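Here's a quick briefing for anyone meeting this structure for the first time. Have a look at the sequence and the 3D view, then read on.

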Amino acid sequence: MSISSMRTVASSSDPLHLSRRAGLVEPFHAMDVFAAAGRARQAGVDVISLAVGQPADPAPRGVREAAISKATEGRLSYTNALGLDELRQAIAQHYRDSYGVVVSPARIAVTSGSSAGFNLAFLSLFDHGDRVAITRPGYPAYRNILSVLGLEVEEISTAETGYLTADSLREVHGRKSLKGLLFASPANPTGASMPEEALRELVDVAAELGIALISDEIYHRLNYTGPDITAAAFSDDVVIINSFSKYYCMTGWRIGWMVLPENLVRPVERVAQSLYISAPEISQIAACQAFQCTEELDAIRLRYQQSRELMMDALPRLGLPLLAPMDGAFYAYCDISAYSEDSQAFARTMLEQTGVAASTGIDFDPIEGHKSLRFSYCEKPERVAEAMERLKEWLNAGS
């Protein structure tokens with residue numbers, strides 16, 4: 001090719017063709033707010049970011065020391081696509097110790113965060129065009145990943161009870177013929193937890209109807225009103241997805257896990273081999289130590305509880321009533337309709353005028369989310385307290 005023709009190709013004004021699926025994904029508005037908070041902070045604003053579920057504390061000391069030790073060896077490698085045997089065994093032991101549930105390490109897949117777990121579950125369980133139910137309000141990545149993969153999304157409102165019921169599932173399935181259901185307990189954005197009997201009934205009804213069940217348990221060990229109940233206690237056929245990101249303060253390490261039905265292990269392994277090869281070895285080695293750091297992590301959990309109690313008291317007093325009980329996780333989901341029915345504009349103005357960042361409800365509920373905000377309380381308690389004071393001054397000034 002001549003130089004002149006190369007220049008012609010390089011200067012072509014034809015736009016790059018984009019896939020149809022690229023247009024199906026809505027922005028993750030919480031991350032947009034997070035980015036805006038970062039820009040404000042760089043400009044010198046004292047920002048208190050309550051927008052994302054990012055623990056203020058670092059990973060536990062034992063986790064960091066294990067990573068440093070491995071890094072000094074100078075060589076990091078691929079691992080088995082399902083993860084290091086040591087970590088899979090540690091996760092299996094966690095189920096015995098924490099839930100009294102026996103799970104074979106052979107049924108555990110280590111993933112690059114829970115996000116990879118969702119991809120692997122959806123790709124291994126469902127075909128293009130299948131209809132999968134999620135809860136509303138709910139984590140927006142559920143909806144976005146399902147849409148990108150060509151799956152039909154059916155949202156089931158949990159406004160009445162705060163959690164999904166077996167009756168709701170049965171009713172929607174009768175109209176829509178569901179192939180799958182994904183739910184979380186404790187939930188994001190509400191923090192609401194499902195009672196044990198409700199969870200048991202949901203698992204039983206899903207099995208009766210032939211609906212594949214995926215239980216997102218990423219906020220386990222952050223339940224303040226009762227014990228954690230894993231869906232694995234009721235069936236070996238439920239897909240469990242969890243992560244070291246939240247309770248274990250390891251968001252940036254991108255390490256999670258799945259508990260799989262036996263017949264799904266090899267399909268997930270085959271898909272993982274091509275999509276990810278394996279989760280990062282250094283993160284896997286570090287995560288092996290996470291289960292030994294409970295004392296340090298429970299001290300952090302106590303700080304979350306302090307912030308939770310503060311928000312539970314302050315937000316309703318500010319005219320921001322809770323839309324669901326704050327049972328677990330580290331979120332408060334609030335009604336802002338006394339002040340605005342445009343959560344994006346409200347959050348923008350709040351950040352500009354108070355330096356407090358929160359997530360807009362439209363991330364979590366495309367129908368009613370324009371009237372809600374989600375506040376995260378995994379910041380330090382003193383910063384959460386200051387954020388509530390700033391909001392008090394701002395909202396009282398505008399009343």
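Leaving aside neighbours within four places in sequence, which residues is Met 311 in contact with? The list runs Leu 50, Pro 316, Met 326, Ala 332, Phe 375, Ser 376, Tyr 377, Val 384 and Met 388. Keep in mind that this is a predicted model.

**Nonpolar cores**
- Met 311 belongs to the largest nonpolar core, which has 87 residues.
- Along with Phe 244 and Phe 375, Met 311 is one of the residues with the most contacts inside that core. Phe 375 also turns up among the contacts of Met 311 just listed.
- Another core, of 26 residues, lies apart from the largest one, and its members include Phe 118, Phe 126, Tyr 142 and Ile 145.
- As a bit of background, nonpolar side chains in soluble globular proteins tend to be buried together.

**Helix H6**
- Helix H6 covers residues 140–148, and eight of its nine residues are buried.
- Who's on the buried list? It has Pro 140, Ala 141, Tyr 142, Arg 143, Asn 144, Ile 145, Leu 146 and Ser 147.
- Two of those names, Tyr 142 and Ile 145, are also in the 26-residue core.
- The buried residues of H6 pack against helix H5 and against four strands: E3 (131–136), E4 (152–157), E5 (180–184) and E6 (212–216).
- After H6 comes Gly 150, with a positive phi near 80°.

**The largest pocket**
- The largest pocket holds about 460 Å³ of space.
- Its lining is made up of 24 residues, and the closest to the pocket's centre are Gly 53, Tyr 139, Lys 246, Thr 251 and Arg 254.
- Two elements give two or more residues to this lining: helix H2 (29–42) and helix H5 (113–125).
- Of the elements, H5 gives the most, with four residues. H5 is also among the elements that the buried residues of H6 pack against.
- Sorted by class, the pocket lining comes to 10 nonpolar, 10 polar and four charged residues.

**Cavities**
- How many cavities of 30 Å³ or more are there? The count is four.
- The largest cavity contains about 100 Å³ of space.
- Fifteen residues line the largest cavity, and Thr 135, Pro 137, Thr 158, Ala 184 and Ala 187 lie nearest its centre.
- The lining of the largest cavity has nine nonpolar residues, six polar and no charged, whereas the lining of the largest pocket includes four charged residues.

Notes
Residues are numbered from 1 along each chain as its sequence is written. This is a predicted model: local features need pLDDT of at least 70, side-chain atom pairs count only at pLDDT 80 or more; totals for chains, interfaces and linings use all residues. Side-chain values use heavy atoms; hydrogens and water are left out. On a 1 Å grid over the protein atoms alone, a cavity is a set of points where a 1.4 Å probe fits but cannot get out, and a pocket is an open set with protein on both sides within 12 Å along at least five of seven lines; lining residues have an atom within 4 Å of a point. Grid points are joined across faces, edges and corners, and a volume is the space filled by probe spheres set on the points. Ala, Val, Leu, Ile, Met, Phe, Trp, Tyr, Cys and Pro count as nonpolar, Asp, Glu, Lys and Arg as charged, and the others, Gly among them, as polar. A nonpolar core is a set of buried Ala, Val, Leu, Ile, Met, Phe, Trp, Tyr and Cys residues joined through side-chain atoms within 4.5 Å. Buried means under 20% relative accessible area, exposed over 50%, partly exposed in between (1.4 Å probe, protein chains only). Contact means heavy atoms within 4.5 Å.
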